[in-house]
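Subject: Structure handover

Hello,

I am passing this structure on to you. Please open it alongside this email, and then read the notes below.

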Amino acid sequence: MQEQQPRTLRWMRLDNAALIFPAAQRRHWSNAFRISFSFTDPVDPDVLQRALGRIAPRFPSVVVRLRRGLFWHYLEELKAPPAVQADSWQPLVSMTGADVRRCAIRVLYYRDRMAVEFFHAVTDGTGGMVFAKSLAAEYVRERYGVSVPCTDGVKDPDESPREAEFADCFQENAGPLAAPRDDRNVYRAKGEREADRFLHVTTGILDSAQLLRESKARGVTVTAYLTALLLQSLMQMQAADEPRRAHRSPVKVQIPVNLRRLYGGETMRNFVAVANVGVDPRLGDYTFDELVQSVHHQMGLAITEKNMRAIFTPNVNDERNRLLKLVPLGLKNIVMRMVFDAVGERVASLSLSNLGEVRLPEAMAPYVTRVEFVLGAQATAPYNCSVTSWQGRTYISIVRNSVEPRLERAFFTALVQMGFHVKIESNDRS
């Protein structure tokens with residue numbers, strides 16, 4: 001019998017969106033997100049480990065570690081998948097530089113829940129969901145002996161990855177015109193930080209059909225509806241912080257846009273740009289209907305093929321700069337860290353990322369009770385918000401690293417006052 005040759009491990013330059021994440025990383029903060037699946041029975045860690053080992057070769061751009069080159073960081077496929085771990089005392093414990101040099105993802109379990117946490121340099125929410133779906137599907141096959149077809153975003157573990165999955169689609173789609181940078185003079189919520197860096201996650205669960213119905217009644221998407229509600233809540237917070245209207249700042253929500261929908265592509269890497277939408281409270285008070293319509297029209301103008309291209313082209317131009325290419329990585333990191341601290345998060349008050357309705361193969365669905373998506377908090381402000389929907393329920397998760405739950409209180413109270421039945425769950429310490 002012919003001896004099987006060892007598989008050549010891949011390495012990949014960071015995609016354009018990922019370049020800044022290693023530089024922006026710090027001891028107690030990393031740009032990471034989490035996707036979790038809950039099942040009908042407690043998770044068997046041995047089965048989960050086998051499932052991870054089975055699918056890892058199918059995702060050589062995800063099961064990776066971060067490496068340092070002379071001029072740029074890069075990702076290197078791991079020889080073997082990481083060991084699955086019992087979930088921590090809180091979600092999204094900071095991934096240190098040493099952590100991501102070993103492995104840039106985590107696979108965790110707790111009771112009936114499996115979670116995958118991704119360092120954002122690896123992939124975006126869309127790519128992360130494909131990986132998490134595929135892992136959950138293989139777990140269901142192994143655990144329950146069910147034949148789960150490779151549909152609805154589930155990848156075949158016996159299939160070789162396609163070259164299109166490794167593409168840096170920013171480079172392929174950059175255009176001739178670079179849009180100016182967004183204004184940085186926006187409201188940034190403040191709050192006393194938790195001394196032990198505890199990350200609070202408050203999840204509101206509501207009926208998806210009602211949320212869709214209320215959004216459609218106003219002629220807008222669910223994302224626009226929730227963005228308007230966040231803007232209303234943030235303006236209430238700012239008014240409490242600054243009673244003088246003339247001294248207030250614009251309030252903006254950053255909406256990540258899955259660019260695959262505009263340009264196509266199968267990349268498993270980052271391919272997302274952001275639309276910053278908001279209002280200026282110095283102009284006067286806004287009704288909710290005014291906010292909804294303003295957000296709707298701003299999103300309509302921003303989220304187009306031409307406009308999104310102009311938004312991400314400046315970053316591509318920076319990467320292509322011949323002089324910058326020759327700058328050693330250590331100096332690049334210093335500059336990119338300064339740019340991130342000065343600009344990165346200061347163009348919006350927080351992010352709202354909505355992965356939408358999760359679809360799974362019918363054979364798998366009876367074993368899955370819940371699907372959630374959680375963003376980490378910002379490096380320099382306490383909040384972020386993320387949304388998924390599964391089997392008629394919408395899960396809205398607000399994270400914070402500060403003591404007082406100001407945004408959660410304002411946002412979910414407003415939903416209840418608008419007629420929604422909201423079930424609140426939280427990991428807050430008693």
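Start with two phenylalanines. F118 is buried, and F131 is buried as well. Please keep in mind that this is a predicted model.

**Aromatic pairs**

Searching the whole structure gives 17 aromatic pairs. Take F118 and F131 as one of them. Their ring centres are 6.0 Å apart and their planes meet at 85°, so this pair is edge-to-face. Planes over 60 degrees apart count that way. The pair links distant parts of the chain, with the two positions 13 residues apart in numbering. F118 sits in strand β7, residues 113-119. F131 belongs to helix α4, residues 125-144.

The two rings also have company. Ring pairs connect F118 and F131 with F33, F59 and F373 in a cluster.

**Charges over rings**

F59, a member of that cluster, has R58 over its face, 5.6 Å from the ring centre. Elsewhere, K332 lies over the face of W72. Here the distance to the ring centre is 4.3 Å.

**Strand β2**

Now look at strand β2, residues 32-39. How many of its eight residues are buried? Eight of the eight are, so the strand is largely enclosed by the rest of the structure.

Side chains in a regular strand alternate between the two faces of the sheet. In β2, both faces are covered. One side carries A32, R34, S36 and S38, and all of these are buried. The other side carries F33, I35, F37 and F39, which are all buried too.

Which strands does β2 join? One is β7, through seven bridges, and the two run antiparallel. F37 has M114 as its bridge partner in β7. Another is strand β12, residues 368-375. Seven bridges join β2 to β12, and this pairing is antiparallel as well. In β12, I35 has F373 as its bridge partner. F373 is also one of the rings in the cluster above.

**A patch on the surface**

Finally, turn to the outside. L331, I334, V335, M338 and V339 make a nonpolar surface patch of about 470 Å². V335 lies in helix α12, residues 329-344. Is V335 buried or exposed? Neither label fits: its relative accessible area is 44%, so V335 is partly exposed. Buried would need under 20%, and exposed over 50%.

Best wishes

Notes: Residues numbered from 1 in each chain as written. Predicted model: local features only at pLDDT ≥ 70, side-chain atom pairs only at ≥ 80, totals over all residues. Heavy atoms only, no water. Phe/Tyr/Trp six-rings, centres within 6.5 Å; stacked < 30°, edge-to-face > 60°. Helix = DSSP H or I, 4+ residues; strand = E, 2+ residues; numbered from the N terminus. Buried < 20%, exposed > 50% of the residue type's maximum accessible area, 1.4 Å probe, protein only. Lys NZ or Arg CZ within 6 Å of the ring centre and 35° of its normal. Patch = residues over 30% accessible without salt bridge, like charges linked within 9 Å, V, L, I, M, F, W, Y side chains within 5 Å. Areas by Shrake-Rupley, 256 points an atom, 1.4 Å probe, with all protein chains shown as cover. Salt bridge = Lys/Arg side-chain N within 4 Å of Asp/Glu carboxyl O. Pairing = 2+ DSSP bridges.
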